[in-house]
Every structure is written in C-alpha cells, then in structure tokens.
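Me: I would like a close look at a single part of this model. Please start with the fold as a whole, then zoom in on that part and stay with it.

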Amino acid sequence: MGYAFGTIDELGDGFGFRKVRHALGITAFGVNVVVYPPQYQGFHHYHDTQDELYFVHSGKVRVEVGDEVRVLGPGGMVHVESTTPRRLSNAGDAPLVMLVVGGKGGYVERDGHMVDEADISRRAAFGSGASSA
C-alpha cells in the first residue's frame, strides 16, 4: 500500500511511546509519538547515529541540551544531532504530547513532481510566499 492514515488516539492510550512507524508501515525513517504525564522528568540520552526532531503537539516541554534549557509549547520544535545528550521533560500540569522523527544518512533533495500540470504554477507561487488563500 502506498499510503496509510491514523490518529494518535488510535495508537493507544495512557503514557509512553506510541509506535507510529509500525502502525502506518513507515520504513524510510523512525517516528513515534511520546506522551508524558504532568511534570514527568524525561531521560538524559543520546543516539549512536540517529538525529531527532521533536515537535510539540500539545503541552509544554522542557528541553535540556548543551548549556541551554528552554520551554517550548504547542508548535515548538527542536532538532538534536545523534550524539548530543538531551533530556526532554514535561514542564506543565497537563500531559505532553510530542511527535518524534528520527533519521540518518542525510537530506533527500527535492524530488516531488506535480501530477496535475495546473498545479505547477500554483506550487511555485506557494513556495515563494506569493500564494493567496
């Protein structure tokens, strides 16, 4: 199958990891949803080869990386290279929900193609910020 749909709630309930990759059949990169209870202290960790991007879906995350400590809310994100130690904790009184994407091996250059030729000029305008709603 060339596509799959899902929701965070369909992947389970309670706190912990929700395995997005397996549920949606993703093989090109790692991806999980992590749900922490209020005020939960995360794990100080690093990886051998996998960089990670953390995206805050809801709640507040406290990020400790290098000499920095930051609190990010919904829509916030942080990229951490594989061997850089980091700790992400719940900084709020509500559950923290984060999408975590991991990968290695570098960026894949832009390789998208428009199926409908009419979309070519619309896509060019959108990419330049000249698109209207």
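In the protein chain, 61% of the contacts between residues at least 6 apart in sequence join residues at least 24 apart. The part I care about is strand 7 (86–90). What is Leu-88 in contact with, leaving aside its neighbours within four places in sequence? And is Arg-87 buried or exposed?

Reply: First, the setting. This is a predicted model. The protein chain holds two helices and eight strands. From the N terminus on, its elements run β-α-β-β-β-β-β-β-β-α. The C-alpha trace spans about 50 × 35 × 35 Å along its principal axes. Of the 133 residues, 25% are buried. The chain exposes about 9,500 Å², and carbon and sulfur atoms supply 54% of that area.

Now the sheet around your strand. Three strands form an open sheet in the order 5-4-7, with antiparallel pairing. Strand 7 is an edge strand, and so is strand 5 (68–72); each pairs on one side only. From one strand to the next, the twist averages 20°. Strand 7 pairs with strand 4 in the antiparallel sense, over five bridges. One residue pair to look at is Val-63 and Leu-88, which are bridge partners. As a general point, strands of a sheet pair through backbone hydrogen bonds, either parallel or antiparallel.

Take Leu-88 next. Leaving aside neighbours within four places in sequence, its contacts are Tyr-36, Gly-42, Phe-43, Tyr-54, Val-61, Arg-62, Val-63, Val-78 and Met-98. Several of these names return in the core. The largest nonpolar core has 13 residues, and Leu-88 is among those with the most contacts inside it, along with Tyr-54, Val-61, Val-78 and Met-98. Two or more residues of this core come from each of strand 2 (30–36), strand 3 (51–58), strand 4 (61–65), strand 6 (77–80) and strand 8 (96–103). Strand 8 gives the most, with three residues. Another core lies apart from this one; it has six residues, including Val-31, Val-33, Val-35 and Val-97. In soluble globular proteins, nonpolar side chains tend to be buried together.

Arg-87 is also in strand 7. Arg-87 is buried: its relative accessible area is 18%, and the cut-off for buried is under 20%. A polar atom of the Arg-87 side chain lies 3.0 Å from the backbone oxygen of Gly-42. Beyond four places in sequence, Arg-87 is in contact with Gln-41, Gly-42, Phe-43, His-44, Arg-62, Val-63 and Glu-64. Gly-42 is thus a residue to select for both views: it is in the contact list of Leu-88 and in that of Arg-87.

For contrast, look at the two ends of the chain. None of the ten residues of helix 2 (residues 119–128) is buried, so this helix lies largely in the open. Just after helix 2, Gly-129 takes a positive phi of about 85°. Leu-11 sits in the segment before strand 1 (16–19). Leu-11 is partly exposed, with a relative accessible area of 28%. Leaving aside neighbours within four places in sequence, Leu-11 is in contact with Arg-18, Lys-19, Val-20 and Ala-23. The C-alpha atoms of Leu-11 and Ala-125 are separated by 37 Å, with their places 114 residues apart along the chain.

Conventions
Residues numbered from 1 in each chain as written. Predicted model: local features only at pLDDT ≥ 70, side-chain atom pairs only at ≥ 80, totals over all residues. Heavy atoms only, no water. Core = buried A, V, L, I, M, F, W, Y, C linked by side-chain atoms within 4.5 Å. Buried < 20%, exposed > 50% of the residue type's maximum accessible area, 1.4 Å probe, protein only. Helix = DSSP H or I, 4+ residues; strand = E, 2+ residues; numbered from the N terminus. Contact = heavy atoms within 4.5 Å. Pairing = 2+ DSSP bridges. Axes fitted to C-alpha atoms, helices over the stretch in contact; angles between N-to-C directions. Polar contact = N/O pair within 3.5 Å; in protein donor to acceptor, adjacent residues only side chain to side chain. Areas by Shrake-Rupley, 256 points an atom, 1.4 Å probe, with all protein chains shown as cover.
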